[in-house]
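Thanks, everyone; today I would like to spend a few minutes on charged side-chain pairs. Please have a look at the sequence and the model before I go on.

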Amino acid sequence: MTETEMKKKVVGGLFWKLLENGGAQGIQFVIAVILARLLTPAEYGVVGLIMIFITIANVFVQSGFGTALVQKKQADEADFSSVCYFELILALVMYGLLYFFAPSIASYYGIGELKEIVRVLAVVLFPGAVISVQTAYVSRKLEFRGLFLSTLAASVVAGGISIWMAWEGYGVWAMVGQQVIYYFALMLVLFLSVSWRPAFVWSLACIKEMLAFGWKLLCASLLDTVFNNLYGLFIGKIYNEEVMGSYSRGEQFPKLIASNLGAAIQAVLLPAFSSKQEDVAYVRRMVRRSIRLSSFVTLPMLLGLFAVADTLVQALLGEKWLICVPFLRIMCISYCFWPIHITNLQAINAMGRSDIFLKLELVKKVLSLAALVIGMYFSVYGMVAIKAVQDFLCTFVNGAPNRKLLGYSIWNQWMDVMPSALLSAIMCAGVMALGNFLGEINPALKLLLQVIWGVGLYGILAWLARMESFCYLMAMVKERLGDKSLGR
């Protein structure tokens, strides 16, 4: 495959992956807004707390093996089926542990209902194991259209049932039902839209080969997941479920933006990087393009969200959720660094250096632990603010190895990010100024005006500055429109 053909396939894959994440998360966002109107911050806090334990368990089940399948140059039926069965065995083990420790978790947090919630919610580990292999298959083929449609269908079904449950007064179980139904629905629909099926094949040699690469990623992901969720665990214990719910809700909005882009980068660029891992110059160009484009798109969205945080919460969630606004704004700053984090790490994985990946995680976790210990001497907002500072420092850690691997230093990366950061900061200030000028008008109308002003201002600034990423995206759009007009 030529570089031009690969570029078009990557662009097409990225389009469908962004559409999949954006479409599904867009639906989930609407559902979350409706549920927030029907449920309380304390109820959100309970499920948010349990999802931390489920997420950590999922690391053991999924992390490392899916990436190993994508990174391997020649992955066959034996590889995919063996990994699928192995992950299901791991899911059974982790479910058993969660089932056994459920009473202890409920006792530790003083919430009796947690025992049954943990035992029911943990069943998502089983479909999650299958979905990770299905997604790896899609990623290798760079065929994300089926995944987009499947995710969309699962989101609609799960969301509709959860809203009905909340309306009928099921409370926290409405959110539990949403998670369980979503995972099972997605697995079933993917079986209809993706050509891969697990065969009756088991190869211990395949598992050993995958473990040789994947165990380092598993350890790194486990460290990352545990430390990222330590804040939620401490907030849930030190404060209460209402503060935990506010923290979870405040993180949700910026995370929706960053994780959407991050998942797209990981799913699409990793196989693209891996297929050209011997061509360092090509991978460097792809990494640089990825950082520039992702920053150009992500930074204005996050800083724009920072500017409209209070208006957004009032308009969509209601007055009872205003407590989450400080969390929301702090996490917007924290997630601004994701384009650098994710792109660097995927480049390192694609070059087959999972050993470096693990070492980076160990260094970052020392920083995370130090930030958490320092943050505990401050208020809950101070604790989260120090986490944002730590996330900034970690960009230097993640970017350091690629100076040697690719000849692309963290200084060069920040220089590529700076134009988008500067224009986004100007746009953010302009949107906040408009909010102050409009005063206490209808929140929905105020939000609409601020969004229109922010999008327009950023677009005009990018056009006047002749931003390289802006021009590149415009050229891509014109090319795609030209292809459609010619029937290609």
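Lys387 and Asp391 lie four residues apart in helix α15, which spans residues 380-399, so the two are separated by about one helical turn. In this predicted model, their side chains meet in a salt bridge, with an N to O distance of 3.4 Å. Lys387 is buried, with a relative accessible area of 6%, and Asp391 also counts as buried, at 11% relative accessibility, the cut-off for that term being under 20%.

Let me turn to another part of the chain. Salt bridges that share partners join Arg288, Arg292 and Asp416 into one network. Within that network, Arg292 forms a salt bridge with Asp416, and their closest N and O atoms are 3.2 Å apart. Because Arg292 belongs to helix α11 (residues 280-316) and Asp416 to helix α17 (residues 410-438), this pair ties together parts that are 124 residues apart in sequence. As for the surroundings of the acid, Asp416 counts as buried, at 9% relative accessibility.

Helix α11 comes up again with the next pair, in which the side chains of Arg329 and Asp310 meet in a salt bridge at 3.5 Å, N to O. Here Arg329 sits in helix α12 (residues 325-335) and Asp310 in helix α11, and the pair links distant parts of the chain, 19 residues apart. Asp310 is partly exposed, with a relative accessible area of 30%.

And how many salt bridges does the structure hold? The count comes to four.

Conventions:
Residues are numbered from 1 along each chain as its sequence is written. This is a predicted model: local features need pLDDT of at least 70, side-chain atom pairs count only at pLDDT 80 or more; totals for chains, interfaces and linings use all residues. Side-chain values use heavy atoms; hydrogens and water are left out. Buried means under 20% relative accessible area, exposed over 50%, partly exposed in between (1.4 Å probe, protein chains only).
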